[in-house]
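Welcome, and thanks for taking a look. Please have the sequence and the model open as you read the short report below.

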Number of protein chains: 2
Amino acid sequence: MQTVSSWKSFGGTLSVHEHDSVLCRCPMQFAVYTPPGLAGGGPQDDSRGDVHGDPRDAPLRPSTGTVPVIWYLSGLTCNWSNVMEKSGLQRIAARLGVMVVAPDTSPRGDAVPDDEAYDLGQGAGFYLSATQAPWSTHYQMDRYIVEELSELVFSRFPGDPERQGIMGHSMGGHGALTLHLKHPRTYRSVSALSPIAAPMQVPWGEKAFTSYLGDEQSEWAAYDACELVRKQPSAAGILVDTGDADPFLDEQLRPSLFIQACEAAGQSLNYRMQPGYDHSYWFIASFIEDHLEHHAATLLE
Amino acid sequence: MQTVSSWKSFGGTLSVHEHDSVLCRCPMQFAVYTPPGLAGGGPQDDSRGDVHGDPRDAPLRPSTGTVPVIWYLSGLTCNWSNVMEKSGLQRIAARLGVMVVAPDTSPRGDAVPDDEAYDLGQGAGFYLSATQAPWSTHYQMDRYIVEELSELVFSRFPGDPERQGIMGHSMGGHGALTLHLKHPRTYRSVSALSPIAAPMQVPWGEKAFTSYLGDEQSEWAAYDACELVRKQPSAAGILVDTGDADPFLDEQLRPSLFIQACEAAGQSLNYRMQPGYDHSYWFIASFIEDHLEHHAATLLE
């Protein structure tokens, strides 16, 4: 693992790293925000002037203390930078004393299959394990996050593997919901902003699943939040926000299908429709504090 | 004036506008964040769910109430988007009930003189009135902001012209300090992040002033914060933050010269050196809340 960049932010450290992924068969980048105070008195010591946790001054892994880890999965076309630059999460993570990890949304590079469309190929990994050519050799984003990147992060950063949550936006909301439902003991808390909540029944999901998984819809169900929650609801309470000015709401997100599935399955869901908000990072920034606090309520209890 | 974009953000509205500037002789864009609640009970009504103030739903200018206006001047290469996307100011402006206006940093367009360097020409207006060819026909950024854009903003947005503050970053910090010192009754509060605090004595300023103003250094003094504060200190308390990991600190910013000038002139200055921070928006985001509160302490008193 190589550290590409590192900046002090709200007393903690935002750092970007690159490693050679075995599962994705390409170099992959990810970003980590570590809150202040880790090398000192633990995450409760969140004094903003503290310089510990900055790799320019101290080892990346502090000598004492671990903190909860919240995985943030991004949407179509994004990489680590969108949420780290535009959501304002660092202030909140610093205050709560939690780490946030932002993986990329797909394998990337000249050797990786791609498509001209924004919603297939690079930037559009859909957090699944592709089985179809030409995608299957590189597109293994669910296993990459749950297995490979997780092992790397917990070996190099002061995160507590017993206290993990997962959240995401749009395609990343789909990723967060499905990875939580499949791994509820790993990702103990979950939330989503504008998630693609029923991918088997919307154009984005149908296109991606057909390309990556083939025509057999029985193969798709393992990556559909509505199907998963019907079969295996979790004990966690799920928080979902969408904006009623989101141009993708009715065609691509379809939260009502997920609401119905949760009700039928007895899944606890706090669904909120936010008036006037769209699909953008202006929406994310406005509500991400509620989401991080939702996770902290479970992970810091 | 045309509205290019508008988004709901933290209950208020972020909007981007374009107008034909008479002084800059080209179309100019700027962004405005208006806090929630303006059409209702005034700025104290900052309920996040309020949809008033959104031009999709209501007139841009509400029927009652005005709020303080804080001008944010950006640094080299930037336009309105950097601070609005990366600083997180909307949350704070919504809470405080203040409006923030972010102008561009220069005239722009194919008809506007430019230079290949990032620190001259488009994106590098230095908040002055150029007197030298080929710059003088378009580069009038100080008068553009103080006169033309101000008149436009107060005619179209619910800002209170009696309660204005000004702040900025790097080249924009230079702009904020100099415009405040020259117009202390207009911009009653002032602060700067990583300002070019002594432009006559640093490479960025020497290059820009020579190009825009000519070789006669007596013409430069009207745009140098150190020179201005010696001649006409203001009654305001100035807040300045810099980071000690800022690569431009010693060569281009030189805050010590401004500190000395303030001391000699009896100018009230709260100068803070922030350990571990650099010149980036990660630094700005970490401290902009202190700056907006500094302005609010004067403008909301």
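## Helix α5 of chain B

Helices here are DSSP runs of H or I with at least four residues, numbered from the N terminus. Please keep in mind that this is a predicted model. Just after α5(B), Gly214(B) adopts a positive phi of about 95 degrees.

The helix itself spans residues 203–213 of chain B, and its buried residues are Trp204(B), Gly205(B), Ala208(B), Phe209(B), Ser211(B), Tyr212(B) and Leu213(B). Looking down the axis of α5(B), you will find these buried residues within an arc of 170 degrees, so they line one face of the helix. An α-helix has 3.6 residues a turn, so residues three or four places apart point the same way. Among the elements that cover the buried residues of α5(B) are α4 (171–182) and α7 (249–253) of chain B.

## The sheet in chain A

Now for the strands of chain A. Nine of them form an open sheet with mixed pairing, in the order β1-β2-β3-β5-β4-β6-β7-β8-β9. At the edges sit β1 (2–9) and β9 (269–274) of chain A, each of which pairs on one side only. From one strand to the next, the twist averages 20 degrees.

One pair to look at is β6 (residues 159–169) and β7 (residues 187–193) of chain A, which run in the parallel sense and are joined over six bridges. Within β6–β7, Gly165(A) has Ser189(A) of β7(A) as its bridge partner. Elsewhere on the sheet, helix α2 (residues 89–96) of chain A lies across β1, β2 (12–21), β3 (26–34) and β5 (99–103) of chain A, and runs at about 60 degrees to β3(A).

## How the two copies relate

A turn of 180 degrees, with a shift of 0.0 Å along the axis, lays chain A on chain B with an RMSD of 0.0 Å. The two copies are therefore related as by a two-fold rotation axis. Of the interface residues of chain A, 100% are also interface residues in chain B, so the copies meet through the same surface.

## Cysteines

How many disulfides does a search of the whole structure find? The count is zero over all chains. Cys24(B) is in no disulfide, and the nearest cysteine sulfur, that of Cys26(B), lies 5.5 Å away; the cut-off for a disulfide is a pair of cysteine sulfur atoms within 2.5 Å. Cys24(B) counts as buried, because its relative accessibility is 0%.

Cys78(B) is also buried, with a relative accessible area of 8%. Its closest cysteine sulfur, in Cys24(B), is 17 Å from the sulfur of Cys78(B), which is too far for a bond.

How values were computed. Residues are numbered from 1 along each chain as its sequence is written. Chains are lettered from A and ligands numbered from 1 in the order in which they are written. This is a predicted model: local features need pLDDT of at least 70, side-chain atom pairs count only at pLDDT 80 or more; totals for chains, interfaces and linings use all residues. Side-chain values use heavy atoms; hydrogens and water are left out. Two strands pair if DSSP finds at least two bridges between them. Helices (H or I, at least four residues) and strands (E, at least two) are DSSP runs, numbered from the N terminus. Axes are lines fitted to C-alpha atoms, for helices over the stretch in contact, and angles run from 0 to 180 degrees between N-to-C directions. Contact means heavy atoms within 4.5 Å. Buried means under 20% relative accessible area, exposed over 50%, partly exposed in between (1.4 Å probe, protein chains only). The arc is that of the directions from the helix axis to the C-beta atoms. Copies are superposed by least squares on the C-alpha atoms of residues with pLDDT of at least 70 in both.
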